[in-house]
Amino acid sequence: MNSGGTARHPLVLTPGLRVDEGVLVLGGLPVEMRGAEILIECLKAEKVEVVFGYPGGAVLPIYDVLYDADIRHILVRHEQGAAHAADGYARATGRPGVCIATSGPGATNLVTGLATAYMDSVPVVAFTGQVATSMIGRDSFQEADITGITMPITKHNYLVKSTKDLARVIKEAFHIATTGRPGPVLIDLPKDVSNGTAEFTYPETVDLPGYKPTYDGHPKQIKELARAIEAAQRPVLYVGGGVVSSGASDALRKVAEMQEIPVATTLMGLSAFPTAHPLSLGMLGMHGTGYANLAVTECDLLIAVGARFDDRVTGKIETFAPKARVAHVDIDPAEIGKNVRFDIPIVGDAKRVLEALIPQLETKTRPEWLAQIATFKNEWPLGYAKGRDGIAPQYVIEQISELTKGEAIITTEVGQNQMWTAQYYRFKQPRSFITSGGLGTMGFGFPAAIGAQIGQPNRLVIDIAGDGSFQMNIQELATAVQYGIPVKIAILNNGYLGMVRQWQEMFHNKRYSATVLSGNPNFVAIAEAYGAKGFRVESEDQVRPVLEQALAEPGPVVMDFAVSREANVFPMVPPNESINMMVRGDR
Amino acid sequence: MMKHTLSVLVMNQPGVLARVAGLFSRRGFNIESLAVGVTDEPNISRMTIQVEADDATLEQITKQLHKLIDVIKISDITTDERVDRELALIKISGDAANRSEILQVADIFRAKIVDVAEKSIVIEVTGDEAKIDALVQLTRPYGIIELVRTGKISMVRGSK
Ligand SMILES: Cc1ncc(C[n+]2csc(CCOP(=O)(O)OP(=O)(O)O)c2C)c(N)n1
């Protein structure tokens, strides 16, 4: 293996060593440090407490320093797990998640995780090893152009060419990942850069002339929005993940309550507003509640906050909120006008804009509008059929919701499990729902739960999974067991790739092409083989007792619920339909 | 749809061209021409980008470009009073029989002859797009062997 650069002994931090105005000094003189050591010092300066990673040749210098650094390292079993765990950690805590992978295959294994974080605007900083600078571009062993590969799925990325640039780059990376519209940043570290030496100074500030996010909304526009709200008869707040990530939940609640404005959320925004609140409409869109979709269709003012008018939300875009003036608050100016027309654009941080709005609003009741909403709720109550050949999957989620009093951190996989969770778990506080919304990544929920649990050790963390998705990162059971991470996995086992099967049932004449999972393993036995606990639940009356027992377990647990095999997610807006044209489905 | 000229200041970093070009292709925007070179500040480059886009698309292009960390400033100079220049090298098949005719055409366009060989002539011309298009048109009957254009660079007139 080519180590490149100067291979030296790791610098042992002697007692005389101290940091003086950001410069590491020994007896008054700046000290040269190895790149790998600089990296760790930078992570400490950023108050990083944990990194998720997987070693390999190109990151050996980094792992050598990690060996006795006081930063926790969690060894995942696949680099995709590291990226998702860093992502889950970030979503649960609001702090950036950090992951590390080696060059080539290690780096490419991060790709799905980075794309997932990018689509959902999650602050992740990823470090990848790279072959030595002298070997780049020669198809060297385990070389992959990871900065080229991840250009479209990171907020920014770096290939560090010299050890002396490292501290600045890391400072910039954390700054970029966590400010403005958050997102993943990747730093590619050639082996000679990790092994090389430079003076270490952690910069206090960044100098990025091309990067100046706008936080405060324009006062004139905010006033305009206040006037529009006062004038509106049937306003609706449509809130997305931006409200969660900016910590705007309290301000949102205040605005909604002062003016009696019903709140519909996106999948990403679900935990921003309590499901049980009288003004909550739940989720809107393809599998949203009937009442949220009708309210949006009838509203005369749509106030979008930190949401991006995704096609799963809007359905047929031409008929989305057809009677409404549209106000759009977003920190990313490019989101405003990207998909829909707008009347009142406000570029800014959701929390700051809402807080600036509050003093401009009077208190108001809207009995007529709320009465109309009540009729929508009567016409379209959430509801489901009893399980035909197994437990109703929605029932399992209702029980989890009740038992945890809506206070657990819930992650999901992708598919029916995700949509049922969105519909039936009653959320209470922000950052308690962690799901891959934009990319829809199967296999996300379990490693994300591991990351969330490490970030929130005192919370109960549950991954609500499908039998298909869980098998995409099932190897992380070893990670959970090795570190005693007590996540709970509730598999809604329907023996199908359920959501795809539902589309085949509805739109392809029940031709279940490649969606039957007849080769499923015995999940209890698998859990036990890894050293976790496993439970199988085959009848409705067993759901509650097993949940009680499983959630009380001190370690990781897999629960395998035999659910009704062909249960479907309803209501459903067929693709490219207006969102008020919902299919009610079986009850 | 209208042609727009964007003058974009970027950090002179490796990969910045790939970031800009990648953004255009991934979001389905069309680049008509792109010229890039360093400014008087060595760490900053200027890209002159010509795009054909309606207003909404142009707005998206501008906003998406702004999101690139390495992009410092974008000016749409389409409607500004400005000087546009492009340079082209045209290699034409020509021999003793038609050489003087070709030279005459070149002369009308104030183009320079930069290479003469037994069976070919290379003409260098600068000007705006229309002028270069016209010269290309007129030389085509002689047989163009190779054509290289730089893409347009632009500068706003006056002290702005
Ligand atoms: C990585 C990945 N591959 C494929 C898909 C397409 N897809 C969406 S939902 C789904 C089925 C999920 O099945 P399962 O995990 O069993 O969940 P269920 O829908 O049955 O709850 C598939 C294959 C995806 N979202 N992600």
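Let me begin with the cysteines. In this predicted model, the sulfur of A:Cys99 has the sulfur of A:Cys42 as its closest cysteine neighbour, at 17 Å, which is too far for a bond. A disulfide would require the two sulfur atoms to be within 2.5 Å. Over all chains, the count of disulfides is 0. As for its surroundings, A:Cys99 is buried, at 0% relative accessibility. A:Cys299 is likewise buried, and its relative accessible area is also 0%.

I turn next to a residue in helix α6 of chain A, which spans residues 146–150 and contains A:Thr147. With a relative accessible area of 12%, A:Thr147 counts as buried, because the limit for that class is under 20%. Which residues does A:Thr147 contact, once neighbours within four places in sequence are set aside? They are A:Asn157, A:Tyr158, A:Leu159, A:Leu186 and A:Asp188.

Now to the domains of chain A. The assignment gives domain 1 at 17–199, domain 2 at 219–379 and domain 3 at 393–562. Domains 1 and 2 of chain A meet through 5 residues from each. Taken over C-alpha atoms, the centres of these two domains are separated by 38 Å. Between them, domain 1 and domain 2 of chain A bury about 490 Å², and carbon and sulfur atoms account for 54% of that area. There are 2 salt bridges between these domains, and 2 residue pairs in polar contact, counting pairs with both residues at pLDDT 80 or more. I draw your attention to the salt bridge of A:Asp332 with A:Arg181, in which the closest N and O atoms are 2.8 Å apart.

A:Asp332 appears again when we come to chain B. The side chain of A:Asp332 also meets that of B:Lys67 in a salt bridge, at 2.5 Å from N to O. Across the interface of chain B and chain A, the count is 1 salt bridge, together with 5 residue pairs in polar contact, both residues being at pLDDT 80 or more. On the chain B side, the elements giving two or more residues are α1 (16–26), α2 (55–67) and β4 (71–76). Of the elements of chain B, α2 gives the most to this side, with 6 residues.

How many residues of each chain take part in this contact? The contact joins 18 residues of chain B to 17 residues of chain A. The two chains bury about 1,400 Å² between them, 57% of it on carbon and sulfur atoms. Of the area that chain B buries against chain A, 46% is supplied by B:Arg19, B:Lys67 and B:Ile69, more than by any other three residues.

Finally, chain B itself. Its domain assignment gives domain 1 at 2–76 and domain 2 at 82–156. Each of these domains of chain B brings 7 residues to the contact between them, and their C-alpha centres lie 28 Å apart. Together they bury about 530 Å², with 43% of it on carbon and sulfur atoms. B:Thr5, B:Thr48 and B:Gln50 supply 56% of the area that domain 1 of chain B buries against domain 2 of chain B, more than any other three residues.

The two domains of chain B share 1 salt bridge. B:Lys3 forms a salt bridge with B:Glu129, the closest N and O atoms being 3.5 Å apart. On the side of domain 1 of chain B that touches domain 2, β1 (2–11), β2 (31–38) and β3 (44–53) each supply at least two residues. The largest share of that side, 3 residues, comes from β2 of chain B.

Technical notes: Residues numbered from 1 in each chain as written. Chains lettered and ligands numbered in written order. Predicted model: local features only at pLDDT ≥ 70, side-chain atom pairs only at ≥ 80, totals over all residues. Heavy atoms only, no water. Buried < 20%, exposed > 50% of the residue type's maximum accessible area, 1.4 Å probe, protein only. Helix = DSSP H or I, 4+ residues; strand = E, 2+ residues; numbered from the N terminus. Contact = heavy atoms within 4.5 Å. Domains from an automatic or database assignment. Buried area = accessible area lost by both parts, 1.4 Å probe. Salt bridge = Lys/Arg side-chain N within 4 Å of Asp/Glu carboxyl O. Polar contact = N/O pair within 3.5 Å; in protein donor to acceptor, adjacent residues only side chain to side chain.
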